[in-house]
Amino acid sequence: MNAVPGSSADRLLTASLVVAPVLYLVANILYALRGWESDSAGGVFHVLGATAYTLVLVRVATWTSGTLTAVLLAVGSIGIAGNVAYGFDTIHVALGDVSLVDRDGAATLIKPLGLGFPLMLLLCAIALRGVAPRWTVSLIGLAALAFPVANIGDVPALGIADSIAAVIGFGALAVRRTPAPPPPLPPAADSTVSGSTTARMAS
């Protein structure tokens, strides 16, 4: 994938590296202060932050190529859908509804979808190896591993630390010019035709 450097789309994608993690950090701070079951404001920031991670996903995908890009986009789409759903679920619970996590049937779909989000973060860390500083890759990888522990285990302090790691890791990419992956090699057919032409000229 490519984004024209300096274009509006390129600047938007780069800005998302700061905006998305910061929004999610605000959500986790509100959850820690008020409790996720009683704070609709935290749910609002959760939904906004999770949605903004769509652009983070696309930004990282523009720095990768091949099968990894396809896997990242597929897993990321699933994970972001699940994370947004958890944000709306928080709002519903704060308004007096029953959490989808506590329901049966179709409501259980939220659980596997939600697990796709930390997996997306882990894939982002893998995709950024070789095009980003090792310490930023490590921070994003740690954020991916800490995310399910903080959220499933309901550990507010770890959730905040996890978000701070994501803010620093992704934010560093926004202020640093990350090199694009090398251009793909020319098709094999071109080299074959060139070789045949050279052989005919020699004969």
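Colleague: Which helix holds H46?
Modeller: This is a predicted model, in which local features need pLDDT of at least 70 and side-chain atom pairs count only at pLDDT 80 or more, while totals for chains, interfaces and linings use all residues. Residues are numbered from 1 along each chain as its sequence is written, and side-chain values use heavy atoms, leaving out hydrogens and water. Helices here are DSSP runs of H or I with at least four residues, numbered from the N terminus. The one that spans residues 40-61 includes H46, and it is helix α2.

Colleague: Is H46 buried or exposed?
Modeller: The classes go by relative accessible area with a 1.4 Å probe and protein chains only: buried is under 20%, exposed over 50%, and partly exposed in between. H46 has a relative accessible area of 5%, so H46 is buried.

Colleague: Which residue's side chain makes a polar contact with that of H46?
Modeller: Contact alone (heavy atoms within 4.5 Å) gives several candidates: beyond four places in sequence, H46 meets Y24, A27, Y31, N83, Y86 and G87. A polar contact asks for a pair of N or O atoms within 3.5 Å, one able to donate a hydrogen and the other to accept it. At 2.9 Å, the side chain that makes one with H46 belongs to Y31.

Colleague: Happy with that! Which element gives the most residues to the largest nonpolar core?
Modeller: That core (buried Ala, Val, Leu, Ile, Met, Phe, Trp, Tyr and Cys joined through side-chain atoms within 4.5 Å) has 37 residues, and Y53, V60, L72, M120, L128, F170 and L173 touch the most other members. Two or more residues come from each of α1 (8-34), α2, α3 (67-94), α4, α5 and α6 (156-175). With eight residues, the top contributor is α2.

Colleague: Which residues does Y53 touch, beyond those up to four places away in sequence?
Modeller: Y53 is among the core members that touch the most others. In general, nonpolar side chains tend to be buried together in soluble globular proteins. The residues Y53 touches are A20, P21, Y24, I80, F117, M120, L121, A166 and F170.

Colleague: What about L145: buried or exposed?
Modeller: L145 is found in helix α5. Its relative accessible area is 53%, so L145 is exposed.

Colleague: And what is phi of D154 near?
Modeller: D154 lies in the loop between α5 and α6. With a relative accessible area of 48%, D154 is partly exposed. D154 is a residue other than glycine, yet its phi is positive, near 55°.
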